[in-house]
Amino acid sequence: MRVQSKWSAVDNMTEMGVGSLDSSTCSRVAIFVVLGLVLNLAVVCNGGQTSAFVRKIDFSADMPLDSDVFRVPLGYNAPQQVHITQGDHTGSAVIVSWITADEPGYSKVVYWSANSENQTAEGIITTYTFYNYTSGYIHHCIIGNLTFNTRYYYVVGIGETETQFWFTTPPEVGPDVPYTFGLIGDLGQTFDSNKTLTHYESNLLKGQTILYLGDLSYADDYPNHNNVRWDTWGRFVERSAAYQPWIWTAGNHEIDFAPEIGEPIPFKPYTHRYYVPYNASGSTAPFWYSIKRASAYVIVLGSYSAYGTYTPQYKWLQEELPKVNRSETPWLIVIMHCPWYNSYQSHYMEGEAMRVMFEAWFVEYKVDVVFSGHVHAYERSERISNVAYDIVNANCTPVKDQSAPVYITVGDGGNLEGLSTVMTEPQPDYSVFREASFGHGIFDIKNRTHAHFSWHRNEDGYAVEADSHWLFNRYYYPADDSKSTSA
Ligand SMILES: [Fe+2]
């Protein structure tokens with residue numbers, strides 16, 4: 001609004017006929033114009049940087065059903081949609097999940113390492129129906145007591161089409177253990193989704209585990225939530241998710257609440273397909289839980305599960321945060337789908353109610369960083385909090401706070417809904433960098449004091465960091481890291 005009023009004034013002067021004014025009047029006009037430009041620049045620079053990168057803004061097209069990335073594996077009852085996630089609280093167990101289409105088959109996993117004999121674990125099989133869709137046979141098998149920092153091979157499809165994969169267990173939990181997390185959100189299954197996943201796989205900073213920020217298949221964007229698109233998505237991401245754990249967060253596209261077609265149970269496809277180790281952290285539902293991995297303590301929250309006072313999620317988080325031993329796991333990371341701080345118009349303020357409930361705890365317990373998705377773009381904040389407001393005072397503006405987390409939105413996986421390109425203006429003070437492009441993030445923990453975050457735009461080369469920032473650990477090195485941006 002301020003920009004508009006300044007230039008309206010200049011326009012009015014022009015309309016009055018600047019060319020006919022005397023020299024002193026012209027000087028005054030010139031000064032006015034220069035002042036206007038300076039003030040305009042000040043407005044533009046009010047917050048951080050809004051990237052000027054030019055990208056296509058057309059909606060992304062889903063890859064067709066006969067795409068090679070969706071190919072059904074050959075062989076009778078061949079296991080498909082294989083994916084793994086952490087299976088306990090410390091990383092010494094893995095949940096292996098896969099689907100067989102023709103018949104239940106065996107739900108066994110055979111696994112071994114270079115130093116161990118073959119071992120077998122028995123899983124369970126579940127199925128579900130959704131409107132006129134019937135799922136395949138969904139297998140989930142926990143393999144535990146694994147040795148840390150070890151390559152394991154595993155085979156599923158025992159007795160039919162046996163298929164081998166591998167994964168590497170994380171190092172044992174400890175304060176100085178380096179570890180590299182990938183960050184992907186809102187992936188979907190478009191041609192851009194495929195670029196994002198390829199870009200992540202090709203990144204020279206090799207991610208060891210993905211923190212997935214919610215909104216997986218976008219099947220609910222299809223008529224009757226066509227669950228065939230859950231299957232295609234599972235086959236699409238297998239090339240990564242079968243080999244490294246994806247830590248799951250539920251987004252709004254996992255709700256699948258459709259009473260109009262007889263499907264009133266929220267999260268039905270998601271909870272049947274994606275098991276998470278919520279019991280291991282004392283949670284009572286798969287939408288909020290925690291894991292330790294290397295030097296990180298990761299808390300997953302459910303943006304679409306009740307979080308008000310007295311609710312299960314509220315009580316769990318209240319008891320969970322004091323349990324975090326920062327001398328063991330210095331890096332306290334929270335992931336949730338809906339961001340609390342978002343200066344795009346898309347989903348603006350949707351995270352506000354949860355922020356009001358939990359932000360004071362995040363400051364008290366000095367969360368290092370919060371990763372979110374939901375907004376189809378990228379944004380990184382200062383360390384800020386907005387906990388001083390009490391309705392009657394006027395302290396309702398976020399302030400810089402070195403006890404607060406950095407908030408990073410990486411909802412730019414590339415789904416069919418396209419980019420969130422419209423931003424609130426001017427850019428808020430707390431927003432350091434924002435850009436509406438598809439990409440992924442890397443959170444690279446070096447030791448107990450330093451971690452490096454980088455954001456990688458799909459259009460760039462694999463080594464390019466379109467935005468990056470050094471985070472100083474809030475427990476071991478709570479120095480001001482606001483000026484540590486390195487790109
Ligand atoms: Fe979302």
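Here are some short exercises on this predicted model, each with a worked solution.

In this predicted model, local features need pLDDT of at least 70 and side-chain atom pairs count only at pLDDT 80 or more, while totals for chains, interfaces and linings use all residues. Residues are numbered from 1 along each chain as its sequence is written, and side-chain values use heavy atoms, with hydrogens and water left out.

**Exercise 1. Find where pLDDT stays under 50.**

Start with the overall picture: the mean pLDDT (the predictor's confidence in each residue, from 0 to 100) is 91, and 89% of the residues reach 70 or more. Next, look at residues 1-26, where pLDDT stays under 50. The model has 21 contacts (heavy atoms within 4.5 Å) beyond four places in sequence for this stretch. Then turn to residues 29-45, also with pLDDT below 50, which have 17 contacts beyond near neighbours in sequence. Finally, a word on reading them: where pLDDT is low, the predicted coordinates should not be read in detail.

**Exercise 2. Describe the overall make-up of the protein.**

Count the elements first: there are 7 helices and 25 strands, taken as DSSP runs numbered from the N terminus (helices H or I, at least four residues; strands E, at least two). Now consider burial: of the 487 residues, 56% count as buried. Buried means under 20% relative accessible area, exposed over 50%, and partly exposed in between (1.4 Å probe, protein chains only). For the long-range picture, take contacts between residues at least 6 apart in sequence: 70% of them join residues at least 24 apart.

**Exercise 3. Work out the iron site: which residues are the protein donors of the iron ion?**

Begin with the donors, meaning N, O and S atoms within 2.8 Å of the metal (3.2 Å for Na, K and Ca); water is not among the atoms, so sites may look incomplete. The list is Asp215 (OD), Asn252 (OD1), His337 (NE2) and His374 (ND1), at 2.1 to 2.2 Å from the iron ion. Along the sequence their spacing reads D-x36-N-x84-H-x36-H. Two of these donors link distant parts of the chain: aspartate 215 sits in the loop between strand 13 (209-212) and helix 4 (228-241), and histidine 337 in the loop between strand 17 (331-335) and helix 7 (352-364), 122 residues apart. As for burial, aspartate 215 is buried at 1% relative accessibility, and histidine 337 is buried at 0%.

**Exercise 4. Compare the settings of three salt bridges.**

The whole structure holds 17 salt bridges, each a side-chain nitrogen of Lys or Arg within 4 Å of a carboxyl oxygen of Asp or Glu.

- Step one: lysine 195 pairs with aspartate 192, with the closest N and O atoms 3.9 Å apart. The two are 3 residues apart in helix 3 (residues 191-202), so about one helical turn separates them. Lysine 195 is partly exposed at 46%, whereas aspartate 192 is buried at 7%.
- Step two: arginine 383 pairs with aspartate 481, the closest N and O atoms being 2.9 Å apart. Arginine 383 lies in strand 19 (residues 378-385) and aspartate 481 in the segment after strand 25 (467-472), so this pair ties together parts 98 residues apart in sequence. Both residues are buried.
- Step three: arginine 457 and aspartate 460 have their closest N and O atoms 2.9 Å apart, and both of these residues are buried.
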